[in-house]
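Work through the three exercises below with the sequence and the coordinates at hand. Each task is followed by its solution.

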Protein chains: 2
Amino acid sequence: MVGIAGDSASGKTTLTQGLVEALGSDRITAICVDDYHRYDRVERKGLPFTPLHPACNYVDVMEQHLQLLALGQPVLKPVYNHGTGTLDRPVLVEPSEFVIAEGLLPLHTRLARACFDVTVYLDPPEIIRRRWKVKRDVAKRGYAEDEVASELARREPESAAYIRPQRAHADIVVRFAPIEERGETPDDPLSAYVMLRPTIAHPDLSGVISEDTRKAAHLKLLRDEDGKPVDALHVHAYAEQSLTERVQRALWRALHEPEPLPSGLGRLGSEGRSEPLAVVQLLLLFHLFQARGGGEVVRATATAGVEPQPLSS
Amino acid sequence: MVGIAGDSASGKTTLTQGLVEALGSDRITAICVDDYHRYDRVERKGLPFTPLHPACNYVDVMEQHLQLLALGQPVLKPVYNHGTGTLDRPVLVEPSEFVIAEGLLPLHTRLARACFDVTVYLDPPEIIRRRWKVKRDVAKRGYAEDEVASELARREPESAAYIRPQRAHADIVVRFAPIEERGETPDDPLSAYVMLRPTIAHPDLSGVISEDTRKAAHLKLLRDEDGKPVDALHVHAYAEQSLTERVQRALWRALHEPEPLPSGLGRLGSEGRSEPLAVVQLLLLFHLFQARGGGEVVRATATAGVEPQPLSS
């Protein structure tokens, strides 16, 4: 079970959808914990906080439901309708082999965090997130651009108080951003900076990233903004696609999966594609498979007579 | 925590409301488990079963929520709107000191039954229940009398298959009925036949029912319809009210409650009153207080210097 936290329009749904497409919705169950909103849009107008505030959400019920899903039990999940702003009839969610819970506050409490095998925080630069939020809320939720801007301002104190502190609790922090040293702008394809905290066992990337593929991705020992050491994986958007695909195939083989690399990874909306996104998704698949216990798949591979291939091929 | 099962219009709400009024809604939380309907009224039209069928309900989620409430945790309870026949936004239910769960299927599964300290099945004669159902559904739910009759016929096989088997799992079976030996009809005030199964510790009624009050209530060793021995308490509606009230006061004192006998017990709708109903409600209060552990209240009584009074006074 993976928990993905991040502010509004930080890329949670895009990251999640690629995983669902890769594994198929019969193998992976995705829920959005923003459905645990306590108030509908009309009720919120009279309240002194935004949906980012824990008091605006049934955090205790979210915890319960995450625990139940982690135990393989179904939950009757509430539904917040983003189109109408109403709380609708709940839906039954039955957890399949893997579960993703994404949203604003999945890592807010200790009990919620304890449900996850791997936790992720999406941490785009604010300038990128604003662009994403304006684009989505204007196109899909019927807001005007200045409404989105004033809402962002209104939410800022609660983002600082409740959303961003979740970063400290994530096993993996992901930042999609342009590479400033190369003079890139937010209009360029975004590279991924992936901080791998030593809180869980990450894949051995020394085998995945070879001398040949250094242009596509490299690993660096860094200090995080809090001063703590982390392994930082940098996946370059400017690299040739064929090079990044080699990294992806190597990561996939590290999972001992007999199937070919799934499609759907790296998809951006209906048209676009991001190789760094695909690499991040493969890392999450690694953790999902590891949490489930990869033994079965390895045995199946051996039975089928498929030999592990050299990592740099 | 008490579970009250029974077919549609068997008197569950009336029994429950008296308990809520007696203790106050800050001390007792009442939920209706029919809110766990899986389908709304429109969806049910195309289905081969009625709301009495377990497949028409989220029985597994009901079990979960009963367990959570039993542990003192809040639940986000679904809501079935009897007025519109729709499934509406869920509501947060936080269990108070006591909890009542009433409805069609609260005793259907072992796990649900395990949540209750005392279980009740309401078992009115079918002729009485039909009258109650027609009266309510025509007055409050906008149905015509012949619609109610055909719905009763349609539900009968599922009532036999799923509702009535719960009777076997109840600690207390209550039947409000006229006394045929006295030539009473359903229009007369109804007496209560209360079967007290030896599955839980009932109050010592030998002290409550004295020679003086035999006309109001008596206790008899009987064989149930399944052949098993039960203590049957019979509370006579024809007895003088003052006599039945003595039984009630004696039962109340047996609870070691320092407060006076609460009002609200025995209330039938906005106007009527039933002394046998009040006695049944007092029996349930006995079990609720006993489950909570009566010690505190007894100590409070002693501190206040209130001596237990002789039971027959």
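The exercises cover the relation of the two chains, one helix and the nonpolar core.

This is a predicted model, in which local features need pLDDT of at least 70 and side-chain atom pairs count only at pLDDT 80 or more, while totals for chains, interfaces and linings use all residues. Residues are numbered from 1 along each chain as its sequence is written, and chains are lettered from A in the order in which they are written.

**Exercise 1.** Find the operation that superposes chain A on chain B.

Step 1. Superpose by least squares on the C-alpha atoms of residues with pLDDT of at least 70 in both copies. The result is a rotation of 180 degrees with 0.0 Å of shift along the axis, at an RMSD of 0.0 Å.
Step 2. That is the relation of a two-fold axis.
Step 3. In chain A, the C-alpha of A:Arg89 is nearest the axis, 2.6 Å from it.

**Exercise 2.** Check the length of helix H3 (residues 59-70) of chain B.

Step 1. Helices are DSSP runs of H or I with at least four residues, numbered from the N terminus.
Step 2. The expected span is 1.5 Å times one less than the number of residues; for these 12 residues that gives 16 Å, and the end C-alpha atoms are 16 Å apart, which agrees.
Step 3. Just after H3(B), B:Gly72 takes a positive phi of about 85 degrees.

**Exercise 3.** List the contacts of A:Val279, leaving aside its neighbours within four places in sequence.

Step 1. Count a contact where C-beta atoms, placed from the backbone, lie within 7 Å.
Step 2. The partners are A:Ala192, A:Ala217, A:Val235, A:Thr244, A:Val247, A:Gln248 and A:Leu251.

Notes
Helices (H or I, at least four residues) and strands (E, at least two) are DSSP runs, numbered from the N terminus. Two residues are in contact if their C-beta atoms, placed from the backbone, lie within 7 Å.
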